[in-house]
Amino acid sequence: MSWYSSERKIKCHCGKGEIIQISESDDWNGHREWSPTIECPECNNKYKVISKTFSDNKAETWTNYYLVPKDFEYDKSRKNVYENMKYGSDFSEYLIVHYSKQILEEVYDTLIKSTSVASLKGDAYRMAIDKKKKTGSCKIGELTAFVKKAIDGFDSYVGNWQQRYNEKQENIQIDRENFEKVKREGILLKI
Ligand SMILES: [Zn+2]
């Protein structure tokens, strides 16, 4: 497989040099592009290039490049303490990780009034399906006991749904603020 490279150029910010981007394509519609480089000593002293990748709801992705001040820095307080935290094989742990405490409590109220899994709807039905997949069976009494165990253990469980959710929301907020900063301090490269 061979790659064909091409070069795009625009004038740099001060106008005395160029910003150049190399991109490559192959025979099968493959495409890759490198971060643009600032070919101008003056601009290179003042700016650096950063990239931001976007995706739309059709899973198409594209990257925009911005010229930002040399000392530009992102807020690096983004954490992923809980995001990839593993959990044990007990089904109650699966429930604690995948459902909020409120939903667990609502489902518990439904389960104690139900006589068979066939009549379950919504989240209760989803949990029954999960239970069947994870443990091979789903009797209503077993499911009810696991949901109870999940509610009782929820608050003291490190890596519960709530902690994962909160972390995710904080990270979304940090990402949003970082991008606002890029738009405020940066110059979008029309390359
Ligand atoms: Zn320049």
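This is a short tour of a predicted model, moving from its domains to one hairpin and then to its nonpolar cores.

Begin by colouring the two domains separately: the domain assignment places residues 4–76 together with 178–188 in domain 1, and residues 91–157 in domain 2. If you mark the centre of each domain over its C-alpha atoms, the two centres turn out to be 48 Å apart.

Next, select strand β1, residues 4–11, which is hardly covered, since 0 of its 8 residues count as buried. Add strand β2, residues 18–25, and you will see that it pairs with β1 in the antiparallel sense over 8 bridges; to follow one of these pairings by eye, show E7 and look across to I22, its bridge partner in β2. Between the two strands of this hairpin lie 6 residues, and there G15 is worth selecting for its backbone, as it takes a positive phi near 90°.

Now turn to the largest nonpolar core, which has 17 residues, and display L95, M127 and V147, the members that touch the most others. Helices α2 (91–98), α3 (101–113), α4 (122–135) and α5 (140–154) each supply at least two residues of this core. Centre the view on L95 and, setting aside its neighbours within four places in sequence, you will find it in contact with L104, M127, F146, V147 and A150.

Finally, select I19, C43, Y65 and Y66, which are among the 9 residues of a second, separate core. As background to both stops, nonpolar side chains in soluble globular proteins tend to be buried together.

Terms used
Residues are numbered from 1 along each chain as its sequence is written. This is a predicted model: local features need pLDDT of at least 70, side-chain atom pairs count only at pLDDT 80 or more; totals for chains, interfaces and linings use all residues. Domain bounds come from an automatic or database domain assignment. A residue is buried if 20 or more other C-beta atoms lie within 10 Å of its own, exposed if 12 or fewer, and partly exposed in between; C-beta atoms are placed from the backbone. Helices (H or I, at least four residues) and strands (E, at least two) are DSSP runs, numbered from the N terminus. Two strands pair if DSSP finds at least two bridges between them. A nonpolar core is a set of buried Ala, Val, Leu, Ile, Met, Phe, Trp, Tyr and Cys residues joined through C-beta atoms within 7 Å. Two residues are in contact if their C-beta atoms, placed from the backbone, lie within 7 Å.
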